[in-house]
Amino acid sequence: MKNRPINSILYTFLALLMLLVSSCQTSKDNVDDQKAEHPNITKLKEQSKEFQPEIIQLNEHVYVAVGYDGSNTSMIIGKDGIIIIDALRALGAAEIVANKFREISDKPIKALIYTHGHQDHTGGASAFIGDTKGVTIIARNGFKEELQENSPVKPILRKRNARQFGRDLPEEDIINRGVTAGVTSNDRVGKGYIQPNLTFDDSLKVTYAGIDLHIYAVNGETNDGLYVWTPSQTTLFVGDNYYHAFPNLYAIRGSQYRDVQAWGKAIKEMNTFHADYLVPGHTRPLAGRDKIYKNLHNYGEAILFVFNKTIECMNKGYSLEQTVEHVQLPDSLKNSPNLQEFYGSVPWGVRSIFTHYVGWFDGNPTHLYPLSSVQEAKNIINLAGGESKMLEELNLAVKKGNYQWGLQLSDYLLQVASSKEKVTLQKIECLRGLAAQQINAPARNYYLSYANELKRQLSE
């Protein structure tokens, strides 16, 4: 009988000890869960393998430089000379690759081809060409006409460009840009650009250094694009119309409409050549006829699916948001390794197609003359029970990880709130929360860049 109180105390002590250990473990697990990397971020990091710096030899005559700058550049070695396709962005990076190419062959450059006008494919041309005398520089008519440097809204496009590519992000926030490394060379960007001296409209067949080149105009990621077929090497150089990621049917930095239907049809046309090698403007080249055929086939199918389904929804009278909800790739396409949304996004493509064909008005008369953003915010906040109640909902959304809802609530509050600092801090938390879950590199970079801008504004 005298031992019972001791046993009871012992049992109680052991139970409390086990409860404490369990509580500590649960607390540790919760911390670990918070720190755990989202699977989308893991996938995005894996994508970085696609642009590790390397000179890749495809066959006896074709070499591709991957990962030395924001895009690829290629060398075709002919009987008495060399053909270069695309020329990187920074002159310093192009000089490094040009020297590596010369270690492989010191034959003179006979021709250089720009697949399109984006600076990351044109800025280092002089590093390869040197003395331009006798060198043919080929591009399509309309070359560079749509670029942001020619736009009346160039200042905001420049700012959005920096956000999309995360150009101002600190090192710890950088992963990659979806189809290129997170940081690329700034050594004399664009300083090596040389204007083309041969342009064409629809197609061009030429021979340099004994290499026959069949060049075709194509509207895709740009409206000044082309692709190159070399029959003797059974190699396709497709520029930015294909890369190892879902295509960027619309760039969030801001761009003119990209002809989605023409892009999809062009991919199918490319697939009729039955190439043994395929060289994209970004990410690693492909080898193997069956693999290339499969990848081009599902790429074209995905682009045309988004286009056709969007048009179908529009003709049913769906609003823009309803159309975005309804257009989703089937699993057979969505799960394809080369269609992961590292760079482009299905919803962005849908929005671009919708507004291209009918403009800003989606057919709902509610949207003809909507309330101002300030008046709408006042009404919504009043409906919620006032600023303090709305702020409670914002705090709850952040706590629960409902970051998109938190962003939308914070935007209402920032229109009229008396204390904007608290709301701004919560908005920053939401932006970073979304970034931590995002597989799409431009979206992730934009979230983080915008969050950092808000942080700087608060400190100032």
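This report describes the overall build of one protein chain and then a few of its residues.

## The chain as a whole

The structure is a predicted model. Its chain contains 460 residues, and 50% of them are buried. The secondary structure consists of 15 helices and 13 strands. Taken along its principal axes, the C-alpha trace extends over about 105 × 65 × 45 Å.

Contacts show how the chain comes together across its sequence. When contacts between residues at least 6 apart in sequence are considered, 69% of them connect residues that are at least 24 apart.

The accessible surface of the chain amounts to about 22700 Å², and carbon and sulfur atoms account for 51% of this area. As for charge, there are 49 positive and 50 negative side chains in the chain. The centres of these two sets are 4 Å apart.

## Salt bridges

The structure contains 16 salt bridges. Three of them are listed in the table.

| Salt bridge | Closest N and O atoms |
|---|---|
| E46 and K49 | 2.9 Å |
| D276 and R289 | 3.2 Å |
| K309 and E312 | 3.4 Å |

In the pair formed by E46 and K49, E46 is partly exposed, with 44% relative accessibility. Its partner K49 has a relative accessible area of 54% and counts as exposed, because the cut-off for that class is over 50%.

The salt bridge between D276 and R289 connects two elements of the chain. D276 belongs to the loop between α6 (260-270) and β12 (277-280), whereas R289 belongs to helix α7 (residues 289-315), so this pair ties together parts that are 13 residues apart in sequence. The relative accessible area of D276 is 23%, which makes this residue partly exposed. R289 is also partly exposed, and its value is 41%.

Where do K309 and E312 lie with respect to each other? Both are in helix α7, 3 residues apart, so about one helical turn separates them. K309 has a relative accessible area of 26% and is partly exposed. E312, with 34%, is partly exposed as well. Elsewhere, E95, D187 and R188 are joined into one network by salt bridges that share partners.

## A buried leucine and a nonpolar surface patch

L413 is part of helix α13 (residues 403-416). Is L413 buried or exposed? Its relative accessibility is 1%, and L413 therefore counts as buried, the cut-off being under 20%. Beyond its neighbours within four places in sequence, L413 makes contact with I381, E387, M390, L391, L394 and V423. N59 is 354 residues away from L413 along the chain, and the C-alpha atoms of these two residues are 60 Å apart.

A nonpolar patch on the surface offers another view of the structure. Which residues form this nonpolar patch? The patch is made up of W360, L368 and Y369, whose accessible area together is about 470 Å². W360 is located in the loop between α10 (346-358) and α11 (373-384). With a relative accessible area of 65%, W360 is exposed.

## Two residues with positive phi

The backbone angle phi draws attention to two further residues. In general, most residues other than glycine have a negative phi. K144 is not a glycine, yet its phi is positive, near 70°. K144 sits in the loop between β6 (136-140) and α5 (154-165). Its relative accessibility of 13% places K144 among the buried residues, because this value is under 20%.

T283 likewise has a positive phi, about 70°, without being a glycine. Where is T283 found? T283 occupies a position in the loop between β12 and β13 (286-287). T283 is buried, and its relative accessible area is 1%.

## Summary

The predicted model combines 15 helices and 13 strands in a chain of 460 residues. Its 16 salt bridges include the pair D276 and R289, which links a loop with helix α7. L413 is buried in the model, while W360 is exposed. K144 has a positive phi, and T283 has a positive phi too.

How values were computed
Residues are numbered from 1 along each chain as its sequence is written. This is a predicted model: local features need pLDDT of at least 70, side-chain atom pairs count only at pLDDT 80 or more; totals for chains, interfaces and linings use all residues. Side-chain values use heavy atoms; hydrogens and water are left out. Helices (H or I, at least four residues) and strands (E, at least two) are DSSP runs, numbered from the N terminus. Buried means under 20% relative accessible area, exposed over 50%, partly exposed in between (1.4 Å probe, protein chains only). Contact means heavy atoms within 4.5 Å. Accessible areas come from the Shrake-Rupley method with a 1.4 Å probe; for residues, only the protein chains shown count as cover. Lys and Arg count as positive and Asp and Glu as negative; His and the chain ends are not counted. The place of a charge is taken as NZ of Lys, CZ of Arg, CG of Asp or CD of Glu. A salt bridge is a side-chain nitrogen of Lys or Arg within 4 Å of a carboxyl oxygen of Asp or Glu. Patches are made of residues with over 30% relative accessible area and no salt bridge: like charges are joined within 9 Å, nonpolar side chains (Val, Leu, Ile, Met, Phe, Trp, Tyr) within 5 Å.
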